[in-house]
Amino acid sequence: CSLNLTHAFVNKLVIEKKVNVSVDLRDNQYTEILDIKDNFSGRLNLSRCNLEEIRIADNCRCDMLFNYSGKCFNLVVGDVFSGVMNIRNSCFHNLEIGYYCYAEIKLSENWGRKNISVGDSFRGTLSVDSVVAKNIRIGNDCRGKINISSKDGRCGVKNLEVDDDFNGELNLRYMQTIETVNIGAQAAGRLDMVSCPSVKAVRIEENFNGVADFSSSGLMYLQAQKGCRGRFVFLHCDNLSLLKLPRS
């Protein structure tokens with residue numbers, strides 16, 4: 001079924017387990033909490049509403065559209081989430097995605113007070129464009145695609161952390177705000193920072209066996225730990241001043 005709750009005078013909306021429903025909360029000024037239980041399947045349109053807390057439990061398949069939030073909100077999504085999540089021109093305090101997510105997540109022109117956190121074994125696509133947040137953290141065993149960009153040097157993420165066993169694709173091309181990138185151990189994916197003028201320092205933990213391209217970037221410092229056997233490209237890196245690599 002579908003629920004049109006545009007003008008519903010409801011403070012908290014709870015959707016129980018195994019529900020299949022399309023929920024329309026557009027322009028709702030009253031609902032502050034949305035609590036979705038396990039195995040939800042459906043659609044959420046939350047544009048221009050005043051939600052402050054959004055909780056989506058485990059094993060949910062959901063297409064969510066959230067444009068122009070009325071208030072800053074917390075969003076916590078459980079494990080094994082799939083679907084399409086599109087958040088634009090909104091304010092969040094905290095944004096957390098659970099384990100084994102294979103959704104398509106699009107974040108554009110948002111601003112947040114805390115981190116963006118994606119759990120272990122990410123298998124989806126995360127696209128972050130001109131989003132202000134303190135930090136983005138990606139969990140262990142990521143096999144997905146991470147695309148981070150910014151329209152100018154004022155609006156974007158400065159720090160990125162990727163945990164161990166990364167084997168996906170990280171695209172920071174033309175990114176104008178990122179300064180530090182930390183990659184965990186056993187990484188074998190592709191790191192693309194071509195023409196990224198803002199990046200200054202990159203640290204890669206043990207046993208890197210991927211490809212990292214920093215051509216025409218602003219990179220100043222790179223450190224890779226022992227067991228490194230990957231490939232680095234530093235063409236036209238005019239600011240490069242220190243490479244700290246293992247003897248072997």
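## Cysteines, strands and a tyrosine patch

The torsion about the S-S bond joining Cys72 and Cys91 comes out at about 75°, so this disulfide is right-handed. The bond ties together parts of the chain that are 19 residues apart in sequence, because Cys72 sits in the loop between β7 (61-67) and β8 (73-77) while Cys91 belongs to strand β10. The model is a predicted one, and in it the two sulfur atoms of Cys72 and Cys91 are 1.7 Å apart. The structure has 1 disulfide in total. Its two ends are covered to differing degrees: Cys72 is partly exposed, at 22% relative accessibility, whereas Cys91 is buried, with a relative accessible area of just 7%.

Other cysteines stay out of this. Cys62 is buried, at 1% relative accessible area. The closest cysteine sulfur to that of Cys62 belongs to Cys60 and lies 7.4 Å away, which is too far for a bond, because a disulfide calls for sulfur atoms within 2.5 Å. Cys142 is in no disulfide either, and its nearest cysteine sulfur, in Cys101, is 10 Å off. Like Cys62, Cys142 is buried: its relative accessible area is 1%.

Cys142 turns up again in the surroundings of Asn167. Setting aside neighbours within four places in sequence, Asn167 is in contact with Cys142 and Arg143, and also with Ala188 and Gly189. Asn167 itself lies in the loop that runs between β17 (159-162) and β18 (169-171). With a relative accessible area of 38%, Asn167 counts as partly exposed. Arg229 comes 62 residues away from Asn167 along the chain, and the C-alpha atoms of the two are separated by 15 Å.

Next come the strands around β21. Strand β21 (residues 201-204) pairs with β19 (residues 180-183) in the parallel sense, over 4 bridges. In this pairing, Asn182 stands opposite Arg203 of β21. Strand β23 (residues 221-224) also pairs with β21, again in the parallel sense and over 4 bridges. Here Ile204 is the residue facing Ala224 of β23. The side chains of β21 alternate along the strand: Val202 and Ile204 point to one face and are buried, while Ala201 and Arg203 point to the other face and are not. Ile204, opposite Ala224, is thus on the buried face of the strand, and Arg203, opposite Asn182, is on the other.

Back in the earlier part of the chain, Ser108 is found in strand β11. At 17% relative accessibility, Ser108 counts as buried, because the limit for that label is 20%. Leaving out residues up to four places away in sequence, Ser108 touches Ile87, Arg88 and Asn89, together with Asp129 and Val131.

The loop leading into β11 looks rather different. Tyr102 has its place in this loop, between β10 (91-97) and β11 (104-108). Tyr102 is partly exposed, with 42% relative accessible area. Together with Tyr99 and Tyr100, Tyr102 forms a nonpolar patch on the surface, and the accessible area of the three tyrosines adds up to about 310 Å².

Methods: Residues are numbered from 1 along each chain as its sequence is written. This is a predicted model: local features need pLDDT of at least 70, side-chain atom pairs count only at pLDDT 80 or more; totals for chains, interfaces and linings use all residues. Side-chain values use heavy atoms; hydrogens and water are left out. Patches are made of residues with over 30% relative accessible area and no salt bridge: like charges are joined within 9 Å, nonpolar side chains (Val, Leu, Ile, Met, Phe, Trp, Tyr) within 5 Å. Accessible areas come from the Shrake-Rupley method with a 1.4 Å probe; for residues, only the protein chains shown count as cover. A salt bridge is a side-chain nitrogen of Lys or Arg within 4 Å of a carboxyl oxygen of Asp or Glu. Helices (H or I, at least four residues) and strands (E, at least two) are DSSP runs, numbered from the N terminus. Buried means under 20% relative accessible area, exposed over 50%, partly exposed in between (1.4 Å probe, protein chains only). Two strands pair if DSSP finds at least two bridges between them. Contact means heavy atoms within 4.5 Å.
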